[in-house]
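Student: I have a model open and want to learn to read it feature by feature. Where do we begin?

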Amino acid sequence: MSEKITPREENFSQWYIDIVLNAQLADYAPVKGCMVIRPRGYALWEAVQTELNRMFKETGHSNAYFPMLIPDSFLRKEAEHVEGFSPELAVVTHAGGEELEEPYVLRPTSETIIWSTYKKWIQSYRDLPLLINQWANVIRWEKRTRLFLRTTEFLWQEGHTAHETEAEAVEETLKMLNVYKTFVEDYLAIPLLTGPKSQSEKFAGAIDTYSIEALLQDKKALQAGTSHFLGQNFAKAFDVKYQTREKTLDYVWATSWGVSTRLIGALIMTHSDDKGLIVPPKVAPQEVVLIPIFKSSNKEAVLDYCADLEKELRGAFRVAVDADDKQSPGWRFAEWEMRGVPVRVEVGPRDMENKKAVLVRRDNGEKKVVDRNAIVSEIKELLDDIQKALFDRALKFREDNTTSVSSYDEFLPLFEGEKAPGFVEAMWCGDPECEAEIKADTKATIRCLPFDRQNRVAGTCFHCGREAGHVAVFAKSY
RNA sequence: CGGGGUGUAGCGCAGUGGUAGCGCGCUGCGUUCGGGACGCAGAAGUCGCGGGUUCAAGUCUCGCCACUCCGACCA
């Protein structure tokens, strides 16, 4: 069984790669760290795009597109920004057979090209807020890449907004963080921690960075998306001023926020098992696979019987049908399990005779024999159940792998050895030096200061013993 | 970018200097079919890339590249 997939226990990294390649989500490309996203993988990305676009538009945003080539000088206008990104830039130095006077950078993110444009578009408070999103590719020359999780080129969306007031920009930052949380939890069924990053972990050029943090099956944390409050940093760097309602001039307030194809990696690593991919029904390119079971003697009769059923299913669900007579039923079962389709419908001679069908859940393998006539409502119920069960299972995993500590003596052993300990929460003083020492000792980083865990009484920092005003969540991360 | 490992048919691998192999998969035909069926016939290779040694290199040697594991780096 599943000989193609390395078990998680044996080698988690290899398991992940096996899933990506065997479920035909992506393939390696000729250039270091780049991947080809195959139709089955791209369909997942399209599901992400469809829902997020709906949510972005409901919150007042419009899509636009800015160029991929950015003049080198633009990057340099915001000091922290250039410092943060320059090590991973790819630069175009030649074009049209000649060396360029000024090199172009392949965008690692679009703040600079967008803010240079916003300068032209914003004069008055009447031009605000400006709420724009773009779907784009970006290039970051990372040292160590991994399919979907960290690739040299990746697809993402980046929202860039401009506001009259600080309060409005902060509100936007948190609103979009919450859009991400809602989408990722409700559709991808991945439970998240949300909250601000520590100052040392924030985005280059931001005042505050907020993130959504997931815990994957190997107990490492993944930053699944970010929303940044940029203050007036980019407005100042690109001289974007507007006339206020009081007829004064002021710099606008900015946000930016993004999620990427990394979400597909998070999806895989959260739900899948040793048989292959598991996809939550709401984003599954195919919710149901119909597998007719027949012998050559009764093939025609079974397929006839399935024709009506298929029509009915297609009226209600996204459906695949696999009636390949070159493959045994067992082979087809295993194949569609690897592809992650949430519900399998088996129909053979027995079912035909009894006016039944067999439903099998991908998430836990349970089989259920149902009346042919009730099949649509039965599947609907099952899909809802699976969606919920996947989230609940992931949430339980996270809770089972979250530890609370009050001293460094408790903390240190958790981060010894190969295995990651999951999320570890502790009272923390907020000092970057204290954070750096912890990281140097253990490789643990602060994932965020979760909003919903700040209700503890004030105490002392678990590491340095000084007064502590935050609960921080530590983990080993991707 | 540093250290280790790997690179031979689509995939997994064998092949210690002398004719390019095996299993799975693939194509065709037939028999099978309720958890990865079987028979027969067939197709498929610049042995990762580039130099060097040699009468002769998949094999020895140097360089490079890719993947992978571990580090450093990382919205």
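Tutor: With residue classes. Ala, Val, Leu, Ile, Met, Phe, Trp, Tyr, Cys and Pro count as nonpolar; Asp, Glu, Lys and Arg count as charged; the others, Gly among them, count as polar. Keep in mind that this is a predicted model.

Student: How many residues of each class does the surface near RNA strand B have?

Tutor: That surface has 19 charged, 14 nonpolar and 12 polar residues. In total, 45 residues surround RNA strand B. The closest are S13, R140, S328, R344 and D351.

Student: Which elements give two or more residues to that surface?

Tutor: Look at some contacts before the elements. Y28 has a polar side-chain atom 2.8 Å from a phosphate oxygen of RNA strand B. F294 uses its backbone: an N or O atom there lies 3.2 Å from a sugar or linking oxygen of the strand. E346 places a polar side-chain atom 3.3 Å from a base nitrogen of RNA strand B. Now the elements: α1, β8, β11, α10 (329-339), β17 (343-347) and α11 (349-354) each give two or more residues to the surface near the strand.

Student: Which element gives the most?

Tutor: Helix α10, with seven residues.

Student: What share of the RNA atoms within 4 Å of the protein belongs to sugar or phosphate?

Tutor: The share is 38%, and the rest of those atoms belong to bases.

Student: Next, aromatic rings. How is a pair of rings described?

Tutor: By the distance of the centres and the angle of the planes. A search of the whole structure finds 20 aromatic pairs. One of them joins F462 and F474: the centres are 5.3 Å apart, the planes meet at 65°, and the pair is edge-to-face. It links distant parts of the chain, 12 residues apart. F462 is in the loop between β23 (459-460) and β24 (467-468), and F474 is in strand β25 (residues 470-475).

Student: Are F462 and F474 buried or exposed?

Tutor: The cut-off for buried is under 20% relative accessible area. F462 has 5%, so F462 is buried. F474 has 0%, so F474 is buried too.

Student: Which residues do ring pairs link into a cluster?

Tutor: W45, F56, W135, Y180 and W257.

Student: Which rings have a charge over them?

Tutor: Two cases to look at. The charged end of R339 sits over the ring of W336, 4.6 Å from the ring centre. R344 lies over the face of F333, at 4.1 Å from the centre of that ring. R344 is also among the closest residues to RNA strand B.

Student: Now the backbone. Where is a cis peptide bond?

Tutor: Between L128 and P129, with omega near -5°. P129 is in the loop between α5 (111-121) and β7 (130-139).

Student: Which residues other than glycine have a positive phi?

Tutor: F148 and K247 are examples. Phi of F148 is near 65°, and phi of K247 is also near 65°. F148 sits in the loop between β7 and β8 (153-163). K247 sits in the loop between β12 (241-243) and β13 (249-251). F148 has 2% relative accessibility, so F148 counts as buried. K247 has 70%, so K247 counts as exposed.

Student: Last, how many residues of helix α8 are buried?

Tutor: In α8 (residues 262-271), 10 of 10 residues are buried. They pack against α1 (12-22), α2 (39-58), α6 (166-186), β11 (221-231), β14 (253-260) and α12 (375-400).

Note on methods. Residues are numbered from 1 along each chain as its sequence is written. Chains are lettered from A and ligands numbered from 1 in the order in which they are written. This is a predicted model: local features need pLDDT of at least 70, side-chain atom pairs count only at pLDDT 80 or more; totals for chains, interfaces and linings use all residues. Side-chain values use heavy atoms; hydrogens and water are left out. Buried means under 20% relative accessible area, exposed over 50%, partly exposed in between (1.4 Å probe, protein chains only). Helices (H or I, at least four residues) and strands (E, at least two) are DSSP runs, numbered from the N terminus. Contact means heavy atoms within 4.5 Å. Rings of Phe, Tyr and Trp (its six-membered ring) pair if their centres lie within 6.5 Å; planes under 30 degrees apart count as stacked, over 60 as edge-to-face and the rest as tilted. A charge sits over a ring if NZ of Lys or CZ of Arg is within 6 Å of the ring centre and within 35 degrees of the ring normal. A residue is near a molecule or strand if one of its heavy atoms lies within 4 Å of it. A polar contact is a pair of N or O atoms within 3.5 Å; within protein, one must be able to donate a hydrogen and the other to accept it, and residues adjacent in sequence count only if both atoms are side-chain atoms.
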